[in-house]
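Q: Got a minute to go through this one with me? I'd like to start with a single residue and then move to a helix.

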Amino acid sequence: MKIEHVALWTTNLEKMKEFYITYFDATANELYENKTKGFTSYFLSFADGARLEIMSRTDVTGQLSGENLGWAHIAISTGTKEAVDELTEKLRQDGFEIAGEPRMTGDGYYESVVLDPEGNRIEITW
């Protein structure tokens, strides 16, 4: 078995789509819209076949802040330590919050942590 995709609620579908396309080389399908339910979404595909569905619905408006129970982060591998450092610096220069500086973790990852436009944690790993 494999995880087919994960999904993320968002308040700004277009901004989130552009973030993942620009910084993580995702490609997006055409916008899906169900006007009856007030629902819209994109599937973002990554080179290795992983997919992230970003979704918006008119009645989903609450936002938690900080760390909470449930999904904690998504980890995206760049392939090299240098690419982790370069992408982290590009995100910092473009105004995104770096929640964890590049480092070697106790469980063997070289990673940094950035917050996407809506505060979701992304581990950038090699």
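**S56 and helix α2**

A: Sure. S56 has a relative accessibility of 16%, so S56 counts as buried, the cut-off being under 20%. Keep in mind that this is a predicted model.

Q: Which strand is S56 in?

A: S56 belongs to strand β5, residues 51-57.

Q: What does the side chain of S56 reach?

A: The backbone oxygen of T10, at 3.5 Å.

Q: Which residues does S56 touch, leaving out those up to four places away in sequence?

A: W9, T10 and L13, plus G38, F39 and T40.

Q: OK, switching to helix α2. How far apart are its end C-alpha atoms?

A: They are 19 Å apart. α2 has 13 residues, 81-93, which should span 18 Å at 1.5 Å a residue, so the two values agree.

Q: Which residues of α2 are buried?

A: V84, L87, T88 and L91 are buried. Seen down the axis of α2, the buried residues fall within an arc of 105°, so they line one face of the helix.

Q: Why would residues three or four places apart point the same way?

A: Because an α-helix has 3.6 residues a turn.

Q: What do the buried residues of α2 pack against?

A: One helix and three strands: α1 (13-24), β7 (98-104), β8 (110-115) and β9 (121-125).

Q: And which residues are exposed on the other side of α2?

A: E86 and Q93.

Q: What about G95, just after α2?

A: G95 takes a positive phi, about 95°.

Methods
Residues numbered from 1 in each chain as written. Predicted model: local features only at pLDDT ≥ 70, side-chain atom pairs only at ≥ 80, totals over all residues. Heavy atoms only, no water. Helix = DSSP H or I, 4+ residues; strand = E, 2+ residues; numbered from the N terminus. Expected span 1.5 Å × (residues − 1). Buried < 20%, exposed > 50% of the residue type's maximum accessible area, 1.4 Å probe, protein only. Arc of directions from axis to C-beta. Contact = heavy atoms within 4.5 Å. Polar contact = N/O pair within 3.5 Å; in protein donor to acceptor, adjacent residues only side chain to side chain.
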